[in-house]
Amino acid sequence: MPDDLNIAGVRDNFKNSLASAKSFNELDDVRVKYIGKKGELTLLLRSLGKLPPEQRKAAGQELNLLRDQIEQELNTAAIKIKASENEQLELNQQIDVTLPARNDFNGAFHPVMQTMHELVNIMQGLGYSVALGSEIEQDFYNFECLNIPKWHPARDMQDTFYFDNGELLRTHTSPVQVHAMLEYGAPLRVICPGKVYRRDNDTTHSPMFNQMEGLLIDRDVSFSVLKGTVSEMVNAFFGRELKYRFRASYFPFTEPSMELDIECVECSGHNKNCRVCHGTGWLEVAGMGMVHPEVIKAGKIDPEIYNGFAFGIGLDRMAMLKYGINDLRLLFDGDISFLQSGF
Ligand code: PHE
């Protein structure tokens, strides 16, 4: 074999180049370098003609052999690279089922709904059933049956949303008292959580807000049962025993009537500059009283045999107090963070 062809040198160079090729691109470079148009081996093959005729055959055979070998080794290397790429891909895509889930957004109940559910749960624990009533009411149930006289300012167009047909958006959950009495009779224990509407819109009033009505009708119901029930309910809601103040008040559908103040949940009366109670130490949370005999009659129950109590508690206020929300309007602004868990 003529030395000037240096076939062994090309073979060694090829082996080294192949060993360091780690990708398809690098492999292609190696192919071009040796068997491409101007590749080292290709050039040797081209120079065969310059050899003395007696050497050509042997050299040609050897070069062709080497070309076959190079092609084969390039193919084998390509298969290996493909396999290791697949392996890498699999490793990258492997799913670790023990990793915690990616919880970008956990939906949760709105604070007012949360409040509603909590209070409903508490009252169900005391044996009350839920009645929902209707947000569109008739004057009869919203006012008339509740002993609200024609001259009462609540009936004014300024305060109530009326429909053209004389129906209205209920201004409180109290109409459900009469509906429940008519539907279930006595004795009776119901709560009615839901939306109510008034023509009010300022920093502390929204045209739509939420109340929960409670009604108990039985024989010989005393005012102390009412006081015990609402204080139990509010204690359970805040998770501690609060101080209570029952103030004499007036509602046409209860007699006597009271308003319930609870000790300020923010400062317990210890901060003269408290932003929640404005230094009074008290927060007004509910209206209540013994159901007026006229209302019991409207519910087709005999007020000579049965009496009872009713209360109406503001759910938005309770939510604000429990969750430290200082502006009523925040509840209705549609801020999505109000619907995220961990509130
Ligand atoms: N309906 C009254 C209001 O909306 C609250 C209330 C309910 C008062 C039941 C007494 C009894 O203000």
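Two strands pair if DSSP finds at least two bridges between them. The model shown in these views is predicted.

**View 1. Seven strands form one open sheet.** The strand order is β1-β4-β5-β9-β8-β7-β6, and the pairing is mixed. Strands β1 and β6 (244-251) stand at the edges. Each has a single partner strand, so one side of each is left without a neighbour in the sheet. Strands of a sheet pair through backbone hydrogen bonds, either parallel or antiparallel.

**View 2. Strand β4 pairs with β1 and with β5.** Strand β4 spans residues 188-197. Eight of its ten residues are buried, which leaves the strand mostly covered. Strand β1 (residues 129-130) runs parallel to β4, and two bridges join them. With strand β5 (residues 208-218), β4 pairs in the antiparallel sense over ten bridges. I191 in β4 appears in both pairings: V130 is its bridge partner, and G214 in β5 stands opposite I191.

**View 3. Strands β8 and β9 run antiparallel.** Five bridges join the two strands. Strand β8 covers 282-291, and β9 covers 307-314. At one position, M290 stands opposite F309 in β9. In the sheet order, β9 sits between β5 and β8.

**View 4. Fourteen residues surround the ligand.** Of these 14, the nearest are H172, S174, R198, Q211 and E213. The side chain of S174 places an N or O atom 2.9 Å from a nitrogen atom of the ligand. R198 has a polar side-chain atom 2.9 Å from a ligand oxygen atom. Q211 likewise has a polar side-chain atom 2.9 Å from an oxygen atom of the ligand. On its own, the ligand has 330 Å² of accessible area, and the protein covers 89% of that.

**View 5. Sheet strands contribute to the shell around the ligand.** At least two shell residues come from each of β5, β8 and β9. Strand β9 gives the largest share, three residues. Strands β5, β9 and β8 follow one another in the sheet order.

**View 6. F105, I336 and L339 make a nonpolar surface patch.** The patch measures about 270 Å². F105 lies in the loop between α4 (53-93) and α5 (111-125). Its relative accessible area is 44%, so F105 counts as partly exposed. Residues in a patch need over 30% relative accessible area, and F105 has 44%.

Terms used: Residues numbered from 1 in each chain as written. Predicted model: local features only at pLDDT ≥ 70, side-chain atom pairs only at ≥ 80, totals over all residues. Heavy atoms only, no water. Patch = residues over 30% accessible without salt bridge, like charges linked within 9 Å, V, L, I, M, F, W, Y side chains within 5 Å. Areas by Shrake-Rupley, 256 points an atom, 1.4 Å probe, with all protein chains shown as cover. Salt bridge = Lys/Arg side-chain N within 4 Å of Asp/Glu carboxyl O. Helix = DSSP H or I, 4+ residues; strand = E, 2+ residues; numbered from the N terminus. Buried < 20%, exposed > 50% of the residue type's maximum accessible area, 1.4 Å probe, protein only. Near = heavy atom within 4 Å. Polar contact = N/O pair within 3.5 Å; in protein donor to acceptor, adjacent residues only side chain to side chain.
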